[in-house]
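Reader: I am new to this structure and would like a close look at a single part of it. Please start with one small spot, then work outwards until I can place that spot in the whole.

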There are 2 protein chains.
Amino acid sequence: MESKEIGHHISQKFNKELEDICNKVLTMGGLVEQQIEMAVKAFTARDIELAELVIKQDNQVDALEMEIDSECTQIMALRQPTAFDLRMLIAVIKIAREMERAGDKAERIAEMAIKLSSTDNQFDHKYELEHMASLIMEMMHGALDAFARANIENITEITGKDVNVNREYENILRRLITRMMEDPRNITRALDIIWAARAMERIGDYACNISEHLIYMVNGEDVRHLTQQELEKRMKTP
Amino acid sequence: MESKEIGHHISQKFNKELEDICNKVLTMGGLVEQQIEMAVKAFTARDIELAELVIKQDNQVDALEMEIDSECTQIMALRQPTAFDLRMLIAVIKIAREMERAGDKAERIAEMAIKLSSTDNQFDHKYELEHMASLIMEMMHGALDAFARANIENITEITGKDVNVNREYENILRRLITRMMEDPRNITRALDIIWAARAMERIGDYACNISEHLIYMVNGEDVRHLTQQELEKRMKTP
């Protein structure tokens, strides 16, 4: 983390502990980003091996969350932090949780990739999710980048994309319902695509949640449950 | 909370603060339980007014979560708690988050109740979800009761019910897919029932998560990502 906030402690050891935690969050974030990317690729390219790798790697994400959680708690008990440090540790626990959930959704997309690859290639589902996939990957990457820099200046650009993700999800849903109605033999397959689309839509939500935790971390404000408009207004007010 | 753990502090004010937090969690829990119950009732009885009430009340749940969160952080900063107190505050932040998500799912069920009530009564969806609904309400109630007593002795009974919830969800899904295949005119309606069923299934997961946070609170162990069998074994080992 490039923030000036870290590195100001008299105890060199405390500085080091906080830096280590941040690095671990970034490692976890990188892994989750990779998991999402691989899951999407496995889904669109019908790559079973890649999908299996995503499922196999999910326990690494889970393990990292537990480590981060436990280290934050230990630092809280030993160092009794206040102000920015305390907010950072609380935010980190919450961010790690959101990332773990995003990892679960990547696993879900991978599971659907495997299910779909075993059915006949009656209709191509590749194009269905591509746009939404790129949106959620941008959001997740943006959120992690903001964390790395402890900088929330452009945070509403990330949360602002969620409207597009939701709109895209509704479109996919509508298109798939039409296909189901056209031919009932499409139903099971279409539902599996819907589950994958739903998982992606949730990843967008988690990226928004991470953004909200970052705002809390940096300026101490709890901005949950605000609309995008309200959030933009709040972030402009000094 | 009846726990002997609270009430041992030299500072009467600190005791009071922790007690207040616990009471607020119980209030929030009671509200979420009520929301779930009303949403299920609105869904099965096609009661639009009740569904609208659930949606309207969700911001009370959200507001309580934010209050609990902020009070826990303040206590951490001012009292610099350790051991049980620190674990309790961290667990409470997490438990409140799970309850807020459960409240969101109750809202989702209520939304589906409203959508379904506007369609013609071509097939009765009442019986579809009743069994699953009673299971998740038992789980949520059990988890809150365990929190109120700070007692995790029978916690695996709660988490053990999740297998039944998942099985029930799979059954509902299968039955509804059959209905969709039988008559494509059922598709939209069946999907709305699936969304409600999915929301209930997730509430079961949140009750399990709350149970896991309680285990951490009481004995300091992080039992996430264990199977039910592993958890039962762990909880038996003194």
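Author: B:Ala150 belongs to the loop that links α4 (126-149) and α5 (155-182) in chain B. The model is predicted, and everything below describes that model. The phi angle of B:Ala150 is near 45 degrees, which is a positive value in a residue that is not glycine. Is B:Ala150 buried, exposed or partly exposed? Burial takes 20 or more other C-beta atoms within 10 Å, and exposure takes 12 or fewer. B:Ala150 has 18 within that distance, so it counts as partly exposed.

Chain B has another alanine to set beside this one. For B:Ala83, too, phi is near 45 degrees, a positive value in a residue other than glycine. The setting of B:Ala83 is a helix, α3 (residues 83-117) of chain B. With 10 other C-beta atoms within 10 Å, B:Ala83 is exposed.

A positive phi also turns up after another helix of chain B. B:Gly220, which follows α6(B), has a positive phi near 80 degrees. The helix before it, α6 (residues 187-219) of chain B, has 33 residues, and at 1.5 Å a residue these should span 48 Å. The C-alpha atoms at its ends are 48 Å apart, so the expected span and the modelled one agree. Of the 33 residues of α6(B), 27 are buried, and the helix is therefore largely enclosed by the rest of the structure.

Chain A can now be brought in. A turn of 180 degrees, with a shift of 0.0 Å along the axis, lays chain A on chain B with an RMSD of 0.0 Å. This is the relation of a two-fold axis. The residue of chain A that comes closest to the rotation axis is A:Gln80, whose C-alpha lies 2.7 Å from it. The two copies use the same surface, since 100% of the contact residues of chain A recur in chain B.

How many residues of each chain take part in that contact? There are 20 from chain A and 20 from chain B. On the chain A side, α2 (48-79), α3 (83-117), α5 (155-182) and α6 (187-219) each supply at least two residues. The most come from α2(A), which gives 7. Sorted by class, this side of chain A has 10 nonpolar, 6 polar and 4 charged residues.

As for the fold, chain A has 7 helices and 0 strands, in the order α-α-α-α-α-α-α along the sequence. The radius of gyration of chain A is 20 Å, close to the 18 Å that the globule rule gives for 238 residues, so chain A is as compact as a globular protein of that length. Its C-alpha trace spans about 70 × 40 × 20 Å along the principal axes. Buried residues make up 45% of the 238 in chain A.

Among the contacts in chain A between residues at least 6 apart in sequence, 79% join residues at least 24 apart. A separate pair of residues shows how the chain brings distant positions together. A:Asn23, in helix α1 (residues 12-45) of chain A, is 125 residues along the chain from A:Ala148, yet their C-alpha atoms are separated by 8.5 Å. A:Asn23 has 12 other C-beta atoms within 10 Å and is therefore exposed.

Conventions
Residues numbered from 1 in each chain as written. Chains lettered and ligands numbered in written order. Predicted model: local features only at pLDDT ≥ 70, side-chain atom pairs only at ≥ 80, totals over all residues. Contact = placed C-beta atoms within 7 Å. Helix = DSSP H or I, 4+ residues; strand = E, 2+ residues; numbered from the N terminus. Nonpolar A, V, L, I, M, F, W, Y, C, P; charged D, E, K, R; others polar. Expected span 1.5 Å × (residues − 1). Least-squares fit on C-alpha atoms with pLDDT ≥ 70 in both. Rg over C-alpha atoms; globule rule 2.2 N^0.38 Å.
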